[in-house]
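Got your viewer open? Here is a tour to follow, one selection at a time.

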Amino acid sequence: MKHLVLIGGGHSHAIVLKMFGIKPLPGVRLTLISDVLYAPYSGMLPGHVAGFYDYDECHIDLRSLAEFAGCQILVDRAIAIDFSKNLVICQTCPPVNFDLLSIDIGSTPATLSVPGAAEYAIPAKPVPEFLASWNQLISARQNPPQKSLRIAIVGGGAGGVELALNMQSRLAKEKERRKMEVGRKKKEEGRREIEVGAEIHLFHSGAELMSGHNQRVCRRLQKIIISRGIQLHLMEKVSAIKKQETIEIKGNKKLPVPDAQCPISNPQSPIPNAQICCESGLKVECEIIFWVTQASAANWIKESGLATDSKGFMQVNDCLQSVSHRNVFGAGDICAMVNYPRPKAGVFAVRQGKPLFENLQHFLLQKPLKPFAPQEKYLALIGTGNKRAIASRGSFMWESALLWYWKDWIDRQFMKKFSNLPKTRNTK
């Protein structure tokens, strides 16, 4: 009996589990190690932030998927690999032995180089932590807030831009809903409704947003960002984040004290409690900061002895096999294909799912592995938070509401693959 261990519940591993359920391999035992039971689908997360999708619509139920595949699931986080004993070291569970290993744990925004970022900013990944903070903010804004909210987003790539637009859309809808509900009540009581909103600041170190996309796309998105009232700070590299707390002074007023240690603020805090400092000298006070910069890899990948690139991402060959350990495979953001460098995008993780499954089976059956070549160019559909989208591929750009509905259809079709699964896998 061979033991295949899957670390992480990313898009590629979700496809692998589905395919193992359809085409099981006798004599193979499967174990999934994941720190979540519901894996977020990146294609629908911006729409979830905007309020277009509920939680279930944009999360894959790994528990039912594992059951369909005949796979044991351990809710835990892998923190190391001991190759001398072929063991995966987990945070809480006992070590897990393996014969064959596959890694699909994604990436997180790099924060270590900026003082205060790791402590005081909320990274866009891991997604569960990000969504918890966002949902808390929305819940707080559903009650009449005392003042406007100032949000900072650091990172002007595709993730930061899409996040800014969808956050702005959701907060505008919440403001309108609150205005109607509270305004009606205050009107009945003979009082005026005091309008309060949210102010979003987007920081980007480059001269243009969305590096990697053509100039038409960059300029169009920049125009949309500005037209929505989002404060855009180009050529502003964030050098530090400082915390502030309030003190009482004469006259019963409250003022911030820079650099004081205090917890992350309540979104309805009466004063700004954080300060973003840029290399140019620009300083912006805000209540909450979201970090969406370049991706970074988990340190334990390199520390375990796996071959990595200069950024710590696991190097794999054309067959998605580690270049240093033949019994380790990988896919998604955590990996870097040596012969095919590509940006970190969910489309590649989805495309790698089937080739990864085939090569895992071929390895177990001692058959030759099959090389996989990812496409050089891909179509990116960027949602703008108002049920419109921009298509970007090479020098091509198109903006339309039809594109958003097309994207919505594609995303829903992908998610349908993991719903309504039989309770037991196909054993034919």
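Start by selecting Ile 410: its relative accessibility is 33%, so this residue counts as partly exposed. Bear in mind as you click around that the model is predicted. Ile 410 sits in helix α10, so keep that helix coloured for the stops ahead.

**Stop 1: the nonpolar patch**

Add Leu 379, Phe 396, Trp 398, Leu 402, Trp 406 and Trp 409 to Ile 410, and you have a nonpolar patch on the surface. Together these residues have about 730 Å² of accessible area. Two elements, β26 (396-400) and α10, give two or more residues each to the patch. The largest share comes from α10, with four residues.

**Stop 2: a salt bridge along α10**

Stay on the helix and show the side chains of Arg 412 and Asp 408. They form a salt bridge, with the closest N and O atoms 3.0 Å apart. Both residues lie in α10, four residues apart, or about one turn of the helix. How do the two compare in exposure, buried or partly exposed? Arg 412 has a relative accessible area of 32%, so it is partly exposed. Asp 408, at 13%, is buried; the cut-off for buried is under 20%. Now add Glu 57: with Asp 408 and Arg 412 it makes up a network of salt bridges.

**Stop 3: the largest cavity**

Turn on your cavity display next. The structure holds three cavities of 30 Å³ or more, and the largest has a volume of about 90 Å³. Its lining counts 15 residues, and the ones closest to the centre are Gly 43, Gly 47, Gly 383, Trp 404 and Lys 407. Select α2 (45-50), α6 (158-188) and α10 (401-416) as well, since each supplies at least two lining residues. Which element gives the largest share of this lining? That would be α10 again, with four residues. By class, the lining of the largest cavity breaks down into five nonpolar, six polar and four charged residues.

**Stop 4: the second largest pocket**

From the cavity, move to an open site. The second largest pocket offers about 370 Å³ of space. Of its 18 lining residues, pick Asp 56, His 59, Met 415, Phe 418 and Ser 419, the closest to the centre. β4 (59-61), α3 (62-69) and α10 are the elements that give two or more residues to the lining. The class split for this pocket is seven nonpolar, four polar and seven charged.

**Stop 5: two more salt bridges**

Side chains of opposite charge can pair when their charged atoms come close. There are eleven salt bridges in the structure; here are two to look at.

Select Glu 174 and Arg 170, whose side chains meet in a salt bridge at 3.5 Å, N to O. These two are four residues apart in α6, which means that about one helical turn separates them. Both Glu 174 and Arg 170 are buried.

Then select Arg 219 and Glu 208, another salt bridge, with the closest N and O atoms 3.8 Å apart. Arg 219 is in helix α7 (residues 215-227), while Glu 208 is in the loop between β13 (198-203) and α7, eleven residues away. At 51% relative accessibility, Arg 219 counts as exposed, whereas Glu 208, at 28%, counts as partly exposed.

**Stop 6: backbone oddities**

Switch to a backbone view for the last selections. Most residues other than glycine have a negative phi, and most peptide bonds are trans.

- Lys 125 to Pro 126: this peptide bond is cis, with omega near 0 degrees. Pro 126 is in the loop between β11 (122-123) and α5 (127-141).
- Asn 86: phi is near 55 degrees, a positive value in a residue that is not glycine. Look for Asn 86 in the loop between β6 (78-82) and β7 (87-90). Its relative accessible area is 24%, so Asn 86 is partly exposed.
- Leu 320: phi is positive here too, at about 65 degrees, although the residue is not a glycine. Leu 320 is found in the loop between β21 (314-316) and β22 (328-330). With a relative accessible area of 0%, Leu 320 is buried.

Methods. Residues numbered from 1 in each chain as written. Predicted model: local features only at pLDDT ≥ 70, side-chain atom pairs only at ≥ 80, totals over all residues. Heavy atoms only, no water. 1 Å grid on protein atoms, 1.4 Å probe; cavity = no way out; pocket = protein on both sides within 12 Å on 5 of 7 lines; lining within 4 Å. Points joined across faces, edges and corners; volume = space filled by probe spheres on them. Nonpolar A, V, L, I, M, F, W, Y, C, P; charged D, E, K, R; others polar. Patch = residues over 30% accessible without salt bridge, like charges linked within 9 Å, V, L, I, M, F, W, Y side chains within 5 Å. Areas by Shrake-Rupley, 256 points an atom, 1.4 Å probe, with all protein chains shown as cover. Salt bridge = Lys/Arg side-chain N within 4 Å of Asp/Glu carboxyl O. Buried < 20%, exposed > 50% of the residue type's maximum accessible area, 1.4 Å probe, protein only.
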